[in-house]
Structure formats: structure tokens, C-alpha cells
Amino acid sequence: MKYTLSLIVNDQAGVLTRIAGLFNRRGFNIDSITVGKTEEPGLSRMTIVVHGDKRLVEQIKKQLHKQIDVHKVIDITNEPMVARELIMIKVKATPQTLPEITNLIEPFRSTVVDVAHSTITIQATGDEDKLNAIIELLRPYGIKDLVRTGFAAIQRG
Amino acid sequence: MRAEAYQQVDNRLAEEPVYEMKSGAEMIIECLKREGVDVIFGYPGGAVIPIYDALYDSGLKHVLSRHEQGAIHAADGYARSTGKVGVVIGTSGPGATNLVTGITNAYMDSIPLVVLTGQVPTSYIGTDAFQEADITGITMPITKHNYLVQRTQDLPKILKEAFYIARSGRPGPVLIDIPKDISYDVAPFYYPESVSIPSYQPTIEPNPSQVMKVAKTIEQAKRPLILAGGGVISSGAETELLQFVEKMQIPVTTTLMGLGGFPASHPLWLGMPGMHGTVTANRAIQNADLLISLGARFDDRVTGKIERFAPKAKIVHVDIDPAEVGKIIPTQLPLVGDIKHVLVQLMKKTSPGDTIEWIEQLQQWKKEKPLRYKDSKDGIKAQYVIEQLSNYTKGDAIISTDVGQHQMWTAQYYKFEKARTLLTSGGLGTMGFGLPAAVGAQVGHPDQKVVCISGDGSIQMNIQELATIVQQKLPLKIIILNNSYLGMVRQWQQIFHDCRYSCTFMTGPDFVKLAEAYGMLGIRAVKKEEVTEVLEQGMKHNGPVIMEFMVEEEENVFPFVPPGASLDEMIEGE
């Protein structure tokens, strides 16, 4: 099962290494990790998506909490939350396929961020299902490059 | 350091009156004094020259080791035997990396240390400068916390925090890496009187409703058992444990780290559990209906095969570290808090249950299956030497060990009566720990008998510390049980690899001559009849001594639960 953990940590050098190292040392695999400053100076928020069984994730949470630099560990997996990821996809495009592709991505509220003579780059944000759907739709045209930011998540309300 | 902590320092420094100016090195020494530190273990080098300069006329005692590993194990032995925070200084690069084993050792056994390392000047960091090593990076997974100091004015706050983190909650080593220019630079000295770290608030008092649940469960149990670990000792809860046990009439088994936390002479003590535990302790675990773990962490050397550990028991897991609860064994009743506080609360809420039958059963097992070995007529059995030592000291000594067969025989045959009288590397199993740990213990307890029990393999791993002992005039007693083998590995090779003794036969120096070369007394026993005489002469000698006992070469440690087997699959021995 997939778990989404939201962490409040000290915003300082070495904290990301500390957290990532902890996952590595205890044999936990990170699916995605995002870090950014919060509204409060000196604090950062990390969103970490991991998979594993319940006991493993319990242990991860406790080990994270034990770190002196970690203020809060919130498991938002089963909480009402919004999780978003941004992706950019560079797809092969010819003058013939270009309009087709732009039409195709329109319902996803994605945007074209770059057009070159043989490629088009599309930016999309959303949850996992939506992003996977876009990727699958574009795959037949030939994906040249794909970059994902990993998920940022926030509790609702 | 955290942004808000930097801010705090800056705010205070902006205040009137103006703070006294000090160099970073002077600040370090001043802070150590204010923390009540009376001895530092260390080894100088380029990056810590300013700190050693400030130390020169500071009045603080410094014990110079012969290798940084010796210094940190000594600080560790000092901490284990006194209950205070051990302090060690090493220089940058190799000085720092030589500390790594000792830091890991302290981390695994939850020993409070403050480790000060020198670092190359800030402008050189990241350039692969001479004697540069990223020690904060290296020690991230083996310290409770670590710091790289960026500004001289932050040193007092960092030191204050480091001592607090090292000793509070679940203790552990904290490392502070100090670039050379930070030690030289002069800044206003602001010393914070208290510490507050919002993200670090250890739980000391247990949850009252959880205490009630545990109390009910204890009252109903017919076959309860206490598994006491190192947490009992680091919490200082040995008196509370004794009172609790006597009131509730619950038998006790103590892990290797817990030995001394409960008196070995007490009728309710069952011995050590696990791989080389007593038959009674292991049977008690397998038959208990309630297992109360106090500050133990279910190490594989204690549990054997997890799936078949304590199959009939409800588990109460008491620990100050919530991450230990449920890590290895599913726990029905977790109780997070300081053991001492937990026992005080439990004592108030619990009435004794009916455990008479259970205790009778255990006493019978104890009688039927005592620890035993086949003594020889002329040759020396290691177990015999330890029994004789135990008879001689009657528990009134501090014993350090190295790692291997002699360590297990010490755990089995020496009767530990008091907390903090056994210093042994439990978690990491560090050969070479014993001798320097004894140095630290003797420095902390100048008037106590301190005995290092070692093997011919282990002693050679930090043998250079003999010079430290002589220089410091420490009257240490060193017992070498010499079997010409790496005995524990040889035992495994005998049992699991058909006696193929691959690379475990070992020669050593003439330890008697070696002792003399270092300027200490060396004596040796080769026959059984010489054992007590050598022991007595050595123990009475008023200076450092090596007592070498030529013990039977292929003796094994029994009982023995093979790795991965369940506690009821004990090999009891010949």
C-alpha cells in the first residue's frame, strides 16, 4: 500500500540528507519526495510517498519523529487531502500531429510550454490517475523526455 | 543549528550588557566546565590545536589515549560506569574517522557521549583539504544528533544542546564538528542557562490510563516475567525494580545490557536469556503468560526466532523510545516513558497477583538446570577463572569485557550485584572495547577495583592503550583468557562448519613480557592449581597488572541457541 507522509522539518543544511539516509538505512523505499519552505520562516514541509506494509510504515513514522530536526510527522494517507504533481512531457511532433496533440491534451487543462521543429513540450498538473492518463495518451506519439516533480500534498479544510 | 536558534543567539548578543569576548576554543572549555565535565578523553591533532591550547591551563583533566578509538571507548566506559556524559576530542580527518567505531558502539548501547571533532577551516571545507573528512555526513546514522559549527558565537548554545540531547530521553552520542577558524575566532560569549528544543520532547511520565491497563494485566497474570534491559540502568531504576519485583513477586531475567540492574544473588533472578542464556530464563520466556520488557529492545541474540519467541505471552513493552515499541515484536500493551517513572506509577496502581506456583516451577528448573561446565583436573577452564574472580570480588568491582567467548562466560559466571558494574559492548559487539573502557571506568572511579576481562584476540585490538594505563598510573587489573583462538568464531566453525577452523588460530605476544615492556606487572597461570594464586597476587597488586590464563583451547559456550533457532532449541552442552 501507498502512504503519504507530511513532515514539518527544520529548514537547514543536511536535513534532507538525514531524512533520506534514514529511509535508506532502514531499508524503506521512497516513491517520491518533495521539499519546500512553509509559511513559517525556518521550517520546511516535506511530502514523502512510500510504499510498504502497515508495520513498516509505523516504524518509518517513529524513526522520522525521533530525528531532532523533525517537528511533526503526519500520515495523511487516509485523511481528506489534495495531492498534486507537476509533469513535463516532451513528445515528438510533426506539423501533421501537432494540432492533434494540442487537441488531445485540452480536456486535461494542460499547457504547451515549448514547441520546437520536431517536438512539443507539455506541462500538466494533477493527481496520479490524471497524469498517468495523459502519459498513456501521448505515448503513441513517442515520448522523448519526461520529468516529474513528485507529489506535494496538503490536508483539506 | 536551526534558524530560530541562530536568531535566539543573535537576539541575546544584541542585548546590554555587552558579553565578554572569548575565542571559540575558550568557549568550548568554559562550556565543558559549566556542564560539570571533569575529564576529557582525546588525542590532539592539527585541527584541534586551538582547543588543546585552551585546555593547557584550564585545570580540566585530559586523558591522552594512544589511538582515537581508545579515547572514545574510554569516554564510553567512563559514561557507563559513572552515569555522566563522556567527552572525547579528536582531530579532523583520520582523527574523526578513527572515532567512528566508538560512536557506533555508544549509539547501539544508548550511551551518552559528546564527541568534539576538529574540522578544516571553513574556507577549506569541500575542497578535499589535508585531513578533511565529512564527519557529520559519515556519522549521521550513528549519532543521536550532530552539528557542524558555522559561527563562533553559536558554540555555547550548541554545546548546551549537545549535552542535553546526549543525556536526556534515550541517551546517545552527539557529535560537534568544529572548523579550526571557528575555534580561533573571537566572539561575545553568551551562555544559555537552559535548553528548549521544540522538536525534541522526550516522554518521561507514562500515560496514566495505559499504566492502569498494564497494572490490571499484571494482577491477572499467573506466569509473569520481567525482561530487564539496559534501559533499567540508564534510567537509574535498579532500586525501583527491586522494590517492584519483591512486592509483585515476579521473576526477572536480565539481558546482557541489563546485568547488574538486578542483583544476581536474588532468588527471583533467573539469569540472562537468549543465545547463551540460562535454561531457566529461556524456558521462563517460552512459558510465561505475560512478558514485561523494561528498557530492552528484543535483540536477535535475546529472542532467537521471532515467530516462536514467548508464544504464550502477552507483551508489555516499556521504553522511553517509542520507535522501539513494536519494532521487532508485536506488542499488546505499549508503555512509553522513563523506566524509573513507569515503575513508580505501576507500584502505586498494581496489587500482587498469584505467582507462587510459577515461582516454584522456576526454582525447580533452576535446580535441575544450573549453568554448568565440565571442569578439568589440571587444565584451566575459562569459566573456572571467572567463577574464582566472582568469588574474590563478591560483586564489588567494575568489570569490563571485550567481545566473544570470554564475554559470554563473564555474563554467565560472574555474579553482578550492582548496576554499572558491567561495561560490555552489547549491540555492536566491538572487540577492542574492554581495555579502553576499563581505562575510562578507572578514571571515573579511582578507588574502585576495575577489572578488564579479555581474550587473546580482543586484547590485541586496542593493546596500545596499555601505555595510557601506565602513563595515567591506573591500577587496572587485566585478565587475558588465552586460548590461542578467536574462540567464538572457532566455536561456530566447529558446530556449523565441521571443525574447519578457517583463520581463527592466532598467536600473540608473550603477554607477561609485554606487560613488563609497558612497565606493568605480568603474571601467568598455566595450571588449574595456579589460578587462585595468580588472581590473588594480581588483584592485590597495587598497580596495573596483566594476568594471563592459558585456558583450554577448544572449550565452548553453553547453553547455545543456534542463530535463527527458537529459544526452546537450546544445545545444553556436554
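Tutor: Read from the N terminus on, the elements of chain A follow the order β-α-β-β-α-β-β-α-β-β-α-β-β, which gives four helices and nine strands. The model is predicted, so local features need pLDDT of at least 70 and side-chain atom pairs count only at pLDDT 80 or more, while totals for chains, interfaces and linings use all residues. Residues are numbered from 1 along each chain as its sequence is written, chains are lettered from A and ligands numbered from 1 in the order in which they are written, and side-chain values use heavy atoms, with hydrogens and water left out.

Student: What makes a stretch of chain A count as a helix or a strand?

Tutor: Both are DSSP runs numbered from the N terminus, a helix being H or I over at least four residues and a strand being E over at least two. Helix 2 of chain A, for example, takes in residues 54-66, and therefore satisfies the minimum of at least four residues.

Student: How many residues from each chain are in contact?

Tutor: Contact means heavy atoms within 4.5 Å, and by that rule chain A gives 18 residues and chain B gives 24. The area buried between the two chains is about 1,700 Å², with carbon and sulfur atoms giving 51%; buried area is the accessible area (1.4 Å probe) that two parts lose on being put together, summed over both. On the side of chain A, Arg18(A), Arg55(A) and Ile68(A) lose the most area to chain B, together 39% of what that side buries.

Student: Why is the pair Lys66(A) and Asp321(B) called a salt bridge?

Tutor: The term needs a side-chain nitrogen of Lys or Arg within 4 Å of a carboxyl oxygen of Asp or Glu. In this pair the closest N and O atoms are 2.7 Å apart, so the distance meets the limit and the name applies. The rule finds one salt bridge across the interface of chain A and chain B.

Student: What makes a residue pair a polar contact, and how many such pairs link chain A and chain B?

Tutor: A polar contact is a pair of N or O atoms within 3.5 Å; within protein, one must be able to donate a hydrogen and the other to accept it, and residues adjacent in sequence count only if both atoms are side-chain atoms. Nine residue pairs, both residues at pLDDT 80 or more, pass this test between chain A and chain B. On the side of chain A that touches chain B, two or more residues each come from helix 1 (15-25), helix 2 (54-66) and strand 4 (70-75), and the largest share, five residues, comes from helix 2 of chain A.

Student: Where do the domains of chain B begin and end?

Tutor: Chain B is divided into domain 1 (21-188), domain 2 (208-368) and domain 3 (382-550), with bounds taken from an automatic or database domain assignment. The C-alpha centres of domain 2 and domain 3 of chain B lie 30 Å apart, and their contact takes 17 residues from domain 2 and 17 residues from domain 3.

Student: What area is buried between domain 2 and domain 3 of chain B, and how many salt bridges cross that interface?

Tutor: About 1,400 Å² is buried between these two domains of chain B, and carbon and sulfur atoms give 64% of that area. Leu256(B), Leu259(B) and His276(B) supply 38% of the area that domain 2 buries against domain 3, more than any other three residues. The rule finds zero salt bridges across this interface, although five residue pairs are in polar contact there.
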